[in-house]
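Subject: Handing over a structure, with notes on what was found

Dear colleague,

I am passing this structure on to you, and since it is new to you I have added some notes to read beside it. Please look at the sequence and the structure before going on.

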Amino acid sequence: MSENEVQLNLNPSPFVGEEYTRWSVEDVVKWCIFSLELQDEDPLVDQLRKNAINGELLGELTLEDCKELCEDDLSLAIRF
């Protein structure tokens, strides 16, 4: 198989091309579940809902904010 014949087996996010600042809290939750491969019961999902993190707030989160939302899981906070 040549390089031109190689097909990437990517699972693109359903949110590609959308303006994230317009996302609702549930859109942010869906994006996190998809992108971070989380379960709906994950503590981060609960924190996003409790803190009403919508797309507008998403861009303003600092690493410290992310760590707090991820219950000090630095690895998850960085990916988030």
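The notes below go from the overall fold to the core, the cysteines, the charged pairs and a few single residues.

Please keep in mind throughout that this is a predicted model. The secondary structure of the protein consists of five helices and zero strands, so that, by the way helices and strands are assigned, the order from the N terminus reads α-α-α-α-α. Of its 80 residues, 28% count as buried, and the accessible surface comes to about 5900 Å², with 46% of that area belonging to carbon and sulfur atoms. As for how the chain comes back to itself, among the contacts with a separation of 6 or more, 43% are between residues 24 or more positions apart.

The core

In soluble globular proteins, nonpolar side chains tend to be buried together. Here the largest nonpolar core has 17 residues, and those with the most contacts inside it are Val28, Cys32, Leu36, Leu38, Leu44, Leu48 and Phe80. Two or more residues of this core come from each of α1, α2, α4 (63-69) and α5, and α1 gives the most, with four residues. Leu48 may be a useful place to begin looking, for, leaving aside its neighbours within four places in sequence, Leu48 is in contact with Val25, Val28, Val29, Cys32, Ile53, Leu69 and Phe80. Gln47, which is placed in helix α2, counts as buried at 19% relative accessibility, and Gln47 touches Leu69 and Glu71 when residues up to four places away in sequence are not counted. Trp23, in the segment before α1, is buried as well, with a relative accessibility of 7%; the C-alpha atoms of Trp23 and Ile53 are 9.4 Å apart, although these positions lie 30 residues apart along the chain.

The cysteines

A search of the whole structure finds zero disulfides. Cys32 is in none, since the nearest cysteine sulfur, that of Cys70, is 8.0 Å away, whereas a disulfide needs two sulfur atoms within 2.5 Å. Cys32 is nevertheless buried, with a relative accessible area of 0%. For Cys66 the closest cysteine sulfur is again that of Cys70, at 6.3 Å, which is too far for a bond, and Cys66 also counts as buried, at 8% relative accessibility.

The charged pairs

Side chains of opposite charge can pair when their charged atoms come close, and the count for this model comes to four salt bridges. In one of them Asp46 pairs with Lys50, the closest N and O atoms being 3.2 Å apart; because these two residues are four apart in helix α2, Asp46 and Lys50 are separated by about one helical turn. Asp46 is partly exposed, with a relative accessible area of 35%, while Lys50 counts as exposed at 60%. Another salt bridge joins Asp40 to Arg49, also with 3.2 Å between the closest N and O atoms, and both partners are partly exposed, Asp40 with a relative accessible area of 41% and Arg49 at 34%. In helix α4, Lys67 and Glu64 lie three residues apart, about one turn of the helix, and their side chains meet in a salt bridge of 3.7 Å, N to O. Lys67 is partly exposed, with a relative accessible area of 21%, and Glu64 counts as exposed at 52%. Salt bridges that share partners join Glu26, Asp40 and Arg49 into one network.

The surface and the loops

On the surface, Leu63, Leu74 and Ile78 form a nonpolar patch, with about 280 Å² of accessible area together. Ile78 lies in helix α5 (residues 74-79) and counts as exposed at 58% relative accessibility.

Two loop residues deserve a look for their backbone angles. Glu37, in the loop between α1 (25-36) and α2 (43-50), has a positive phi of about 55° although it is not a glycine, and Glu37 is exposed, with a relative accessible area of 71%. Ala52, placed in the loop between α2 and α3 (55-58), likewise is not a glycine and has a positive phi of about 50°; Ala52 is partly exposed, with a relative accessible area of 39%.

With best regards

Conventions: Residues numbered from 1 in each chain as written. Predicted model: local features only at pLDDT ≥ 70, side-chain atom pairs only at ≥ 80, totals over all residues. Heavy atoms only, no water. Buried < 20%, exposed > 50% of the residue type's maximum accessible area, 1.4 Å probe, protein only. Patch = residues over 30% accessible without salt bridge, like charges linked within 9 Å, V, L, I, M, F, W, Y side chains within 5 Å. Areas by Shrake-Rupley, 256 points an atom, 1.4 Å probe, with all protein chains shown as cover. Core = buried A, V, L, I, M, F, W, Y, C linked by side-chain atoms within 4.5 Å. Contact = heavy atoms within 4.5 Å.
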